[in-house]
Each structure stands twice: as structure tokens, then as C-alpha cells.
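Trainee: I have not seen this structure before. Could we go through it by question and answer?

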Amino acid sequence: MLRTRLLWFAMGFSVSAAAIGHFVWRDLLAERYTLPYQMQQAFDSLEVRVSNLESGSPMNSNPPQVEG
């Protein structure tokens, strides 16, 4: 009787540990792939903004002089 309880306890503990380990591992993998994706989006956004600034600049590189 004691061996049966010990066996069921060990099996329940193992299954619970495996489930917790699975969720932790999945969360770590999600975090691993989320950070590079967010960085890529930020750099793409920055590249678009810089491109818009460069294309909107006037051809004359000398700014107008203010007399004063």
C-alpha cells in the first residue's frame, strides 16, 4: 500500500514538473524570438523615417541666410 502511494506520488510529481518545465521552456522560446522581431520592426520604422527625411530635403544644401 505504501509503495503504491509512493509510486503515484512520484508519477504525479513528475507529470507536474514536466508540465511546469514545458510552460517555462515555451515562455523562454517566445521571449527569445520576440526580442529580435521587435528590434527588426524598430529598425525598419527608423529606416523609413530616415528615408522620408532624405527624400523630402531640398536640392540646395545651403540653407537660406537670415539677415538680422
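Mentor: Start with two residues of this predicted model. Phe9 and Phe13 both lie in helix α1, and they are 4 residues apart, about one turn of the helix.

Trainee: How many aromatic pairs does a search of the whole structure find, and is the pair of Phe9 and Phe13 stacked or edge-to-face?

Mentor: The search of the whole structure gives 1 aromatic pair. The ring centres of Phe9 and Phe13 are 6.1 Å apart, and their planes meet at 25°. Planes under 30 degrees apart count as stacked. The pair is therefore stacked.

Trainee: Is Phe9 buried or exposed?

Mentor: The relative accessible area of Phe9 is 56%. The cut-off for exposed is over 50%, so Phe9 is exposed.

Trainee: What share of the residues of the protein count as buried?

Mentor: Buried means under 20% relative accessible area. The protein has 68 residues, and the share of them that count as buried is 0%.

Trainee: Which UniProt annotation covers residues 6-25?

Mentor: Over residues 6-25 the chain is 100% helix and 0% strand, with the end C-alpha atoms 28 Å apart. For residues 6-25, the unreviewed UniProt entry gives the annotation "transmembrane region".

Trainee: Which residues make the nonpolar surface patch of about 470 Å²?

Mentor: One of them is Val50, whose place is in helix α1, residues 2-56. Val50 has a relative accessible area of 37%, so it is partly exposed. The full patch is made by Leu35, Met39, Phe43, Leu46 and Val50.

Trainee: What part of the exposed area of the protein do carbon and sulfur atoms supply?

Mentor: The secondary structure comes to 1 helix and 0 strands. The protein exposes about 7100 Å², and the part supplied by carbon and sulfur atoms is 65%.

Technical notes
Residues numbered from 1 in each chain as written. Predicted model: local features only at pLDDT ≥ 70, side-chain atom pairs only at ≥ 80, totals over all residues. Heavy atoms only, no water. Patch = residues over 30% accessible without salt bridge, like charges linked within 9 Å, V, L, I, M, F, W, Y side chains within 5 Å. Areas by Shrake-Rupley, 256 points an atom, 1.4 Å probe, with all protein chains shown as cover. Salt bridge = Lys/Arg side-chain N within 4 Å of Asp/Glu carboxyl O. Helix = DSSP H or I, 4+ residues; strand = E, 2+ residues; numbered from the N terminus. Buried < 20%, exposed > 50% of the residue type's maximum accessible area, 1.4 Å probe, protein only. UniProt positions renumbered as here; feature names shortened; annotations may be inferred. Phe/Tyr/Trp six-rings, centres within 6.5 Å; stacked < 30°, edge-to-face > 60°.
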